[in-house]
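Welcome, and thanks for taking a look at this one with us. Please have the sequence and the 3D view open side by side as you read.

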Amino acid sequence: MLYNYANSLYKFAEANPEYDSLYTMAQNIYKSTSGMVDSQQKQKIWHNLGNSAFKQEQYQEAVNYYVQALRLDPES
């Protein structure tokens, strides 16, 4: 449920750049739920964290998140 809420925040911020602070809110929710899901869902969380960091021009942080996602699913 929280994962879907974070996705909604991310999508809203993506469509409305004036609300880019929602990326940070989505990141916080993703991080708080990452310990409560299976590895497939966790891979999606890390990937989404990478996307939101990239949108905020936090490129090194985005790379770190993407690497974590790839560790969980190298074929993604």
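Here is a short briefing on the fold, one of the helices and a salt bridge.

This is a predicted model, and its protein chain holds 4 helices and 0 strands. Following the chain from the N terminus, you will meet the elements in the order α-α-α-α. The radius of gyration is 12 Å, close to the 11 Å that the globule rule gives for 76 residues, so the chain is as compact as a globular protein of that length.

**Overall dimensions and surface**

- Along its principal axes, the C-alpha trace spans about 35 × 30 × 20 Å.
- The accessible surface of the protein chain amounts to about 4900 Å², and carbon and sulfur atoms contribute 53% of that area.
- Buried residues make up 33% of the 76 in the protein chain.
- If you take the contacts with a separation of 6 or more, 45% of them come from residues 24 or more positions apart.

**A closer look at helix α2**

- Does the length of helix α2 fit or miss what its residue count predicts? At 1.5 Å a residue, the 13 residues of α2 (residues 21-33) should span 18 Å, and the end C-alpha atoms lie 19 Å apart, which agrees.
- Several residues of α2 are buried, namely Leu 22, Tyr 23, Ala 26, Gln 27, Ile 29, Tyr 30 and Thr 33.
- These buried residues cover an arc of only 165° around the axis, so they sit on the same side of α2.
- Which helices do they pack against? The partners of the buried α2 residues are α1, α3 and α4 (59-72).

**The salt bridge**

- Searching the whole structure turns up 1 salt bridge.
- Glu 14 and Lys 55 form this salt bridge, with their closest N and O atoms 3.5 Å apart; the cut-off for such a pair is 4 Å.
- The pair links distant parts of the chain, since Glu 14 belongs to helix α1 (residues 2-15) and Lys 55 to helix α3 (residues 39-55), 41 residues apart.
- Are the two partners buried or exposed? Glu 14 has a relative accessible area of 34%, so it counts as partly exposed.
- Lys 55 has a relative accessible area of 40%, which means that this residue is partly exposed as well.
- For both residues the reasoning rests on the cut-offs, because buried means under 20% and exposed means over 50%, with partly exposed in between.

How values were computed
Residues numbered from 1 in each chain as written. Predicted model: local features only at pLDDT ≥ 70, side-chain atom pairs only at ≥ 80, totals over all residues. Heavy atoms only, no water. Salt bridge = Lys/Arg side-chain N within 4 Å of Asp/Glu carboxyl O. Helix = DSSP H or I, 4+ residues; strand = E, 2+ residues; numbered from the N terminus. Buried < 20%, exposed > 50% of the residue type's maximum accessible area, 1.4 Å probe, protein only. Expected span 1.5 Å × (residues − 1). Arc of directions from axis to C-beta. Contact = heavy atoms within 4.5 Å. Rg over C-alpha atoms; globule rule 2.2 N^0.38 Å. Areas by Shrake-Rupley, 256 points an atom, 1.4 Å probe, with all protein chains shown as cover.
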